[in-house]
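Morning, everyone. Please pull up the model on your screens. I'll keep this short.

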Amino acid sequence: MTADSFRESFLSFFEERGHTRHPSDGLVPQNDPTLLFTGAGMNQFKAEFMGKGNLPFTRATTSQKCLRMPDLENVGRTASHHTFFEMLGNFSFGDYFKEDAIRWAWEFLGKIGLPADRLSVTVYKDDDDAAALWHDGLGVPLERIFRCDEDENFWPASAPSKGPNGICGPCSEIYFDYQPELGAYPAEGPGEDGARFVEIWNLVFTQFERKDGGQLDPLPNKNIDTGMGFERVLRVIESLEQGKNLTSNFETSLFAPLMDAIHAHVGRSTEHGTPEGERTRRIADHVRAAAFCIADGVRPSNEKQGYVVRKVLRRAMLDRHMLGGDLRTPWLSELAGVVIQSMQGAYPDLHEARTLIQSTVAAEEEKFAGAFLSGSQKLAVLSQRARKAGQSQLSGSEAFLLYDTFGLPLDMQKALVADEQLSIDEEGYAEAMAEQRRRSREGSKISDSIFDEGPLASVSEQLPATEFVRDSLQLDDVKLLALVDDELDNESDPDSSTSDGRAVIAVLDRTPFYTEGGGQVGDRGLLIGDGFRIEIDDVIGLRGISLHRGVVVEGEARTGPVRAEVDASQRAATQRHHTGTHLLHAALREVLGEEVTQAGSLVSPDRLRFDFRFPRGLTTEELEAVEDRVNSWVLSNDPVSDSEMSRDAAREQGAMALFGEKYGDSVRVVRVADRGTGHDSVELCGGTHVQRSGDIGMLRILSETSIAAGVRRLEARAGSSLLGVLREENQRLTRAAALYKTSPERLEERISATQEELKATRKQLDELRGEMVGQQVLAAVREREGLRVAVTTVSGVPGKALRELAGGLIKNDADLLLLALEESDSTSFLAAVGPAAQKHGWSAKELVSVIGKALGGKGGGNAAFAQGRGGPADNLPDVLEGALEAGRAAPG
């Protein structure tokens, strides 16, 4: 029996017994905000169980997609736990009860070949009816019927004694025995799932309403809610067919394609109960869960359902990494394809969302890989040092460094160090996080005091100004003059060595690293000495000295000779953005006029930000003209040159000075030629730039916003950074097209058609609501002094539609209408008075005036029609009736 045939067998069995086959609800419940995910088959039938539903049947059977996170830590470790699983169920809403539910469950288990002598049941300790049905009705031996307390066999658990109040009832669970050769059953019953027993079906008999004090009143309509573990029973069936016990659900045909793909990827088979087996099974479960969630519209994010999807995907990525997989090459997206292929027969929506599922998983893999790989490498260094020192845990500051610098979440750090028999100082981590927030509030800039009273105070007078070697990315004969902790400890010794893992500040006699300035961030790279390496992540300048901030990643760092290496790719990306900033400035002045002046900038490897003074926002046409002008410079591939000259000479050449920068008598002028127009870009600048404008590749403006009165901000990307943006946009477009089941080229057309459909549907809905309200108003018509009068409150209809409705009714069906539309925090009201009612002294204007005063609002109109708005009222019908009398008393 295959998985699909087993599922079909269950649904058909209950269809033959009068049940309606109902589709699975989505994983995200549509009408129940109290649930994050659908966790049981009964969730979508809550209204029916409460007697408030409107489904046209009283018996149902389903195969429900479910997701439960409480079992997360057990996935892969136990034989039967999953995050995503299917629950087969049969339900009765005030129709049949205990006898049929128990009889049909036993009959179905026999039909699919489960031996009766390997089944046992549990019942609630006081449920004599269920015990008798199992024993007297079906012949289950008494020694295989176990009575259990309310914490095990009542729904909700312990409801009689602990509540909550509401619908509840006893339940009966069916267990399968994998090891009958062990003989007699334990006295306490099958108990928890384990190697011998597994729970396969739970029958819930909702027959009581609990009230205060634990009183259980019988319900007039009793319900049945059953849930069978699809994966669990499939394992039982296939164990019997194969003549051997499968050790876990992951060995069934349902998971075989997934497990085969995983084993092929890692290059070896894994067994249940081993660490590797846990990881492969967890990967299978988590990718399956993510694929179904994404198909149901959930996207990875940092909140609610999206956080769960991101979490299970990242756990699967971690397991893949621990099994030797290369996270730099996305693969879980391929595995998601296996999920789709194997499950699309039962769930066609997986096939329809294939592109969306795989692209979403791949994007999540790429997003996480870089930060995780860097962080895990650093974690390995710290773990090795801890073991050598005989420590059992990593410090909180080290854990925070991994999170803050490398983006490695604490829960993943814990998982990684657990394999090394280490733990994390979580209290210290929390303290480091709090300290970081404090520093962020106070500002993170290093001040001049570092030379006067900080760790460099004792040697500051001997430190020369740092020479910047502009045209080199590597210097082999650099002197490391001073090295101190980056915590600015006054007692730090600038000549002492610093062990790996510590954040440090290094001072060199000369450096190829660009020092932060002119809007350009400091360079990143390495300092390599005899037996040690320091990763530099920023360089700032104070008093002419470049302070290289970084982390010792290997060995014990000390003063002396080192090799300084700038990260070439990071420098190149920054240069593209810096030269692009100059061109953007020049293009803005060409397009908008010379009134544009620079007000600030940020130039980094991944983006540029340019602030400028201008009195209004740019039009789309202006933004495109600026972008086109910059890219014409890029395509011309003209040379970028720099030269030193006096400030006066630079002014004569038209060089623009940058915001916030101070210049000496001699300045550096950067020129980007434009041989086509002769309008060169000329600016004073000490930063680094590309050699030719074509090296920028391409520049695109991503946003234009206001940051202050008269100050605008442009965000842009260039080169490989822009390529990443374009890819992400294309993936987003592809995912959006997949949602509409169309191609990206036809997405606009499809959205337009959908909007028209929605417009027509809303119109039909408004008309239907209008008709319903019209019937409600007609039903409220009563006779008064020979007049047809209706005074009532309505809801669910737009104000315009209500006015049109009143106009139609007053012509044909009523002489006086007084209607109020209740909203969340206000009330709209209107009065329509026909000629006959006006002759009797009523005025629409006067009626609305009276209501407006009562509700603290106002209105207007004439004797025939008037309307107004006021606040909410608990006694709105009384207000309307009172207005009817007052309006009559003072006719207009």
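One definition before we start: two strands pair if DSSP finds at least two bridges between them. Keep in mind that this is a predicted model.

Start with strand E13. E13 spans residues 474–485, and 5 bridges join it to E21. The two run antiparallel. Take one position on that pairing: Val 478 stands opposite Val 562 in E21.

E13 has another partner. That is strand E15, residues 503–508. Again the sense is antiparallel, over 5 bridges. Here Asp 485 stands opposite Val 504 in E15.

Back to E21. The strand covers residues 560–566, and Val 566 lies in it. Is Val 566 buried or exposed? It counts as buried, because its relative accessibility is 8% and the cut-off for buried is under 20%.

Now a distance for Val 566. Take Gly 139 as the other end. In sequence, the two are 427 residues apart. In space, C-alpha to C-alpha, they are 81 Å apart.

Next, an open sheet. How many strands form it? The sheet has 4 strands, in the order E22-E23-E28-E27, with antiparallel pairing. Strand E22, residues 597–603, is an edge strand. So is strand E27, residues 699–708. Each of these edge strands pairs on one side only. On average, neighbouring strands of this sheet are turned by 20° against each other, direction ignored.

Look inside that sheet, at E23 and E28. Strand E23 is residues 608–613, and strand E28 is residues 711–718. They run antiparallel, joined by 6 bridges. For Leu 608, the bridge partner in E28 is Ala 716.

On to the helices. H14 runs over residues 410–418. Which of its residues are buried? Leu 410, Met 412, Gln 413, Leu 416 and Val 417 are. They sit on the same side of H14, because they cover an arc of only 155° around the axis.

Last stop: helix H21, residues 747–779, where we find Met 772. Met 772 counts as exposed, because its relative accessibility is 55% and the cut-off for exposed is over 50%. Met 772 also belongs to a nonpolar surface patch, together with Leu 765 and Leu 768. The area of that patch is about 280 Å².

To recap two residues: Val 566 is buried at 8%, and Met 772 is exposed at 55%. That's it from me.

How values were computed. Residues are numbered from 1 along each chain as its sequence is written. This is a predicted model: local features need pLDDT of at least 70, side-chain atom pairs count only at pLDDT 80 or more; totals for chains, interfaces and linings use all residues. Side-chain values use heavy atoms; hydrogens and water are left out. Patches are made of residues with over 30% relative accessible area and no salt bridge: like charges are joined within 9 Å, nonpolar side chains (Val, Leu, Ile, Met, Phe, Trp, Tyr) within 5 Å. Accessible areas come from the Shrake-Rupley method with a 1.4 Å probe; for residues, only the protein chains shown count as cover. A salt bridge is a side-chain nitrogen of Lys or Arg within 4 Å of a carboxyl oxygen of Asp or Glu. Buried means under 20% relative accessible area, exposed over 50%, partly exposed in between (1.4 Å probe, protein chains only). The arc is that of the directions from the helix axis to the C-beta atoms. Axes are lines fitted to C-alpha atoms, for helices over the stretch in contact, and angles run from 0 to 180 degrees between N-to-C directions.
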